[in-house]
Structures are given as structure tokens and as C-alpha cells.
Amino acid sequence: MSLPHALLTSLSERAGSGSELARRFDKSIGFFWAATHQQIYRELARLEQAGWIESLPAETGRGRKRAYRVLPAGTAELRRWVAEGEDPRPQRDALMVRIRAEAAIGPAGLAEEMRRHLALHEAKLALYKSFEQRDLAGESDSRERKLQYVLLKGGIAQEELAINMAREALRILES
């Protein structure tokens, strides 16, 4: 995945300024594709130069933000990218290597880090569950909502798996 496609996706959902995109990114796509505000602004300029988005006339007055929207060429690029095949990427997780190292060398103080990771995953699971209750609970006939819910359920399952693994590792580490 690339940042340009993540931004095209977000702008396809709703036009907005760079700062609005950054806020929306932090609350949605940012859960599975991180980007700094600086990266977002830099990429918006590239997308505009490529003819995939356009900036809308800025509102008058001081501090008014320039909003962006997707052009037909940007939608075509996003459609092309969505249909493109891509193999799953190999996982790169330092905590997994730390667990393996603790197994190889014996006790090295990993339990505290496992407790920290457990707390982080529990917090993220609680956040995802709150999204589920607030935004996606109940039946919906909307294809868009169904796909968003599939994505959210995937995030919930990942967090539940991470919590279960952390708890099992902690039981072993603390015994």
C-alpha cells in the first residue's frame, strides 16, 4: 500500500483540507497505515501535480484552509490500484524476536514489556469496540458500511489475538 492511495481513499470518502485529512487519518486509516502530517501535506502536493486531485478555492479570510477533492484521473488510479494483486507482507515485529530471545537465553526481564504491550492492545481493543457500538452496530444494507464493518472486525480480531498471546506469554514469563 502506498500513502498516495490511502489519501485518495480518504478524499474519495470526503473532500477536505490537509489538516482535516490528517485528523481523519489519525481516526481511521491511521490504524493500519501511519503517516505524519508533514508526509500528508507533501503527498497532497504530489497528487495535485500528478492530476489526481485538485485544490478547491480557499475560503476567504485569515487562516482558511485549502481543501482537496479527487479528480477522475485519481479515481481511475485508485480503481487500478484496488484491482492490483499484492502478496501479504512478512511480519516484522520486534516483540516476537524478544520472546524468541528470552526463550533462547533465559529470563531477561521481558515480563514488564509484555504487560505494557498487553495494556496497549487492551486499550486499542476498547477503542475499536467503542467504534463498533457507536458507528457500526446493527444491520445496514449499505455496501460501504458492511465493508467498513468487515475491516473493523478484522482489527478487533487482531487485537484479541495479540491480547491472548500476551496473556499466555505473561503466564509463562511469570511462572
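Here is a walk through this structure, from the whole chain down to a couple of single residues.

First, some ground rules: this is a predicted model, where local features need pLDDT of at least 70 and side-chain atom pairs count only at pLDDT 80 or more, while totals for chains, interfaces and linings use all residues. Residues are numbered from 1 along each chain as its sequence is written, and side-chain values use heavy atoms, with hydrogens and water left out.

Let's start with the big picture. The chain has 7 helices and 3 strands (helices are DSSP runs of H or I with at least four residues, strands are runs of E with at least two, and both are numbered from the N terminus). Follow the sequence and you meet them in the pattern α-β-α-α-β-β-α-α-α-α. The radius of gyration is 20 Å, well over the 16 Å that the globule rule gives for 175 residues, so the chain is more spread out than a compact globule. (That radius is taken over C-alpha atoms, and the rule is 2.2 Å times the number of residues to the power 0.38.) Along the principal axes, the C-alpha atoms fill a box of roughly 65 × 40 × 40 Å.

How much of the chain is tucked away? Of its 175 residues, 29% count as buried; buried means under 20% relative accessible area, exposed means over 50%, and partly exposed is in between, using a 1.4 Å probe and protein chains only. As for contacts (heavy atoms within 4.5 Å), take those with a separation of 6 or more: 56% of them link residues 24 or more positions apart.

Now zoom in on the sheet. The 3 strands form an open sheet in the order β1-β3-β2, with antiparallel pairing. Because β1 and β2 stand at the edges with a single partner strand each, one side of each is left without a neighbour in the sheet. Two strands count as paired if DSSP finds at least two bridges between them. β1 (residues 16–17) and β3 share 2 bridges, and here Gly16 stands opposite Tyr68. On the other side, 3 bridges join β2 (residues 53–55) to β3, and Glu54 has Arg69 as its bridge partner. β3 itself (residues 67–70) has two faces: Tyr68 and Val70 are on the covered one, while Ala67 and Arg69 are on the uncovered one.

Next, try finding two single residues. Ala108 is in the loop between α5 (94–105) and α6 (110–136), and Ala108 is exposed, with a relative accessible area of 54%. Look for Arg98 too: Arg98 and Ala108 are 10 residues apart along the chain, and their C-alpha atoms are separated by 9.4 Å.

The other residue to find is Lys129, in helix α6. Is Lys129 buried or exposed? Somewhere in the middle: Lys129 has 35% relative accessibility and counts as partly exposed. Leaving out residues up to four places away in sequence, Lys129 touches Ile156 and Glu160. Leu170 is 41 residues from Lys129 in sequence, and the two are 24 Å apart in space, C-alpha to C-alpha.
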